[in-house]
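Hi everyone, thanks for coming. Could you bring the structure up on the screen, please?

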Amino acid sequence: MKPTEFVKVNTQSWGDHLRSVSEHLPTSHRAELPGQLLYPRMMVLTETPDWNILELVGVSREYRSLEVRRQKANSIEEYFGIADGSPVVTLPGENLFKDATVATEVGRHELDARFPSARKMLGTEYVGAGDQLLRFAPGNYSTFERVLLVHSAGQSIQVHWTFIALAIHRSEPSDKYLNFLQNHLNAAPHLDPIGTLTAPQGLDLSGDAFASTYLAHGLQDATVEGFLTEHESILLSTFGATRLIQRPFLEWRDGDAGDEVGITPDFILERADGSHIVGDLKLPLLDTADGKKRRRAFTTPVRNGAAQLARYEEYFRTPENRSFAQTKYGVDVTDPRKLLVIGTQQTVGAQEFKDASPAAVEIIDYDTILRLHLAAKS
C-alpha cells in the first residue's frame with residue numbers, strides 16, 4: 001500500500017469512527033459509561049521504506065477532527081526504538097495488545113521503583129530479558145491499544161503509553177487493510193470503543209489540561225514557564241511530588257564549571273519522600289532571554305538532553321553547590337533522578353537511546369505523563 005493510500009484510508013475510517021462514537025455514546029448511553037470518554041487529538045502517519053505506521057496521540061476531553069501529521073522514519077526499528085538483540089515479543093502474523101504492558105525486565109523493575117501509579121494500568125504483562133521489545137516481520141498486522149511500552153538501555157529507560165498504534169508492512173494491499181480495520185473497529189465492545197480512554201468515574205478533569213499540548217496551536221506561543229505553570233498539578237501527581245521549582249538558576253560554587261556561570265534546568269520536582277527529580281523539556285516551547293523569545297530547536301533531543309542532565313547531576317555532587325541551591329530555593333538535592341520530557345510523536349532511535357544510556361535518564365512523553373496522572377487520581 002502506498003503511503004498516500006494509507007493516509008486516505010485512515011483519515012476517513014478513524015474520522016468516521018470517532019465522530020460516530022462522540023455523537024452517540026455520551027448522549028444515548030451516558031448512564032452506562034463507567035466514566036468520561038477521552039479522545040485522541042492527532043493522527044501521526046509514518047512512512048518507512050518497508051512499513052506504514054499509524055499512531056493516534058494527544059488526550060482530549062472532547063472529540064475534535066483529528067489533525068493529520070505525516071512524517072518519515074528510516075525504519076520500523078527507528079520508530080519503535082528497537083535495538084539489535086533478542087526480543088521480548090516476537091510477533092506472529094496478526095497481533096493485538098490491549099490494556100497491556102510490554103517491557104524489558106530492567107524496564108519493568110524501574111517502572112515499579114519510579115512510577116508507582118503505573119501499577120494501576122499494567123494490564124496483561126509481557127516481560128522478558130531481551131534487549132529489545134518487539135521483532136516485526138512481513139505479514140504482521142500489529143495493533144497496540146492503550147499499551148505501556150517500557151524500553152531500557154543500560155540504566156536508562158523510556159516509558160511510552162500508546163493510545164493506539166498500528167503497524168503494517170507496505171506490501172499489504174489497501175483493500176485488505178481496510179477490511180482488517182473495519183472488522184477491528186466493529187469487534188470492540190460497544191461501551192469501550194477503540195481509540196478512546198475512559199477516565200475514572202467522578203474524577204474532575206475541568207482544571208487539567210487534557211489536550212494535545214504539543215500541537216502547533218497548543219504551543220505556538222507557550223513559554224517554558226507558562227507550560228510548567230499550566231501543567232504543575234499534573235506533574236506533581238504523576239511523580240508523587242509536593243513542589244515544583246521552575247527554571248532555577250544555580251550558580252557554580254565548586255566543581256568543573258567550565259565556561260558556565262551556572263546551570264538552569266527547566267524544573268526540579270521535590271517528592272513526598274524527600275528525593276528530587278531534575279528535568280528538561282524537549283518540547284517546541286519558547287525560551288525567554290533578554291526580553292526576547294526564541295523557539296527551542298532540537299536535532300538530537302535525547303542525546304543532547306542526556307548530556308545536559310548529566311551536567312546537572314555533576315553540579316549536585318559537591319556540598320558547596322548543594323548548599324547554594326538549598327539557600328536560594330530551599331531544596332537539598334542529592335543524587336537526583338534525571339527526567340527528559342519529549343513530544344509524544346517524537347521518535348527515539350535505538351542508537352540515540354543507547355548513546356544516552358550511561359547518563360541513566362528517564363525519557364517520557366507528555367501523553368504518558370497524562371495517563372500516569374489519571375492512574376494516580378483513580
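I'll talk about the cavities, then the core and one helix.

This is a predicted model, where local features need pLDDT of at least 70, side-chain atom pairs count only at pLDDT 80 or more, and totals for chains, interfaces and linings use all residues. Residues are numbered from 1 along each chain as its sequence is written, and side-chain values use heavy atoms, with hydrogens and water left out.

How many cavities of 30 Å³ or more are there? The count comes to two. A cavity here is a set of points, on a 1 Å grid over the protein atoms alone, where a 1.4 Å probe fits but cannot get out, and lining residues have an atom within 4 Å of a point. The largest cavity holds about 210 Å³ of space. Its lining has 17 residues, with Y79, F80, Q158, H160 and Q346 nearest the centre. Strand β10 gives the most to that lining, three residues. The second largest cavity holds about 50 Å³, and its lining residues include K98, E145 and D192.

Now the core. The largest nonpolar core (buried Ala, Val, Leu, Ile, Met, Phe, Trp, Tyr and Cys residues joined through side-chain atoms within 4.5 Å) has 43 residues, and F115 and L281 have the most contacts inside it. Helix α11, residues 366–377, gives the most to this core, with six residues.

Last, helix α8. Buried, meaning under 20% relative accessible area (1.4 Å probe, protein chains only), applies in α8 to residues including P301, V302 and Y315.

Thanks, and I'm happy to take questions!

Key. Buried < 20%, exposed > 50% of the residue type's maximum accessible area, 1.4 Å probe, protein only. Helix = DSSP H or I, 4+ residues; strand = E, 2+ residues; numbered from the N terminus. 1 Å grid on protein atoms, 1.4 Å probe; cavity = no way out; pocket = protein on both sides within 12 Å on 5 of 7 lines; lining within 4 Å. Points joined across faces, edges and corners; volume = space filled by probe spheres on them.
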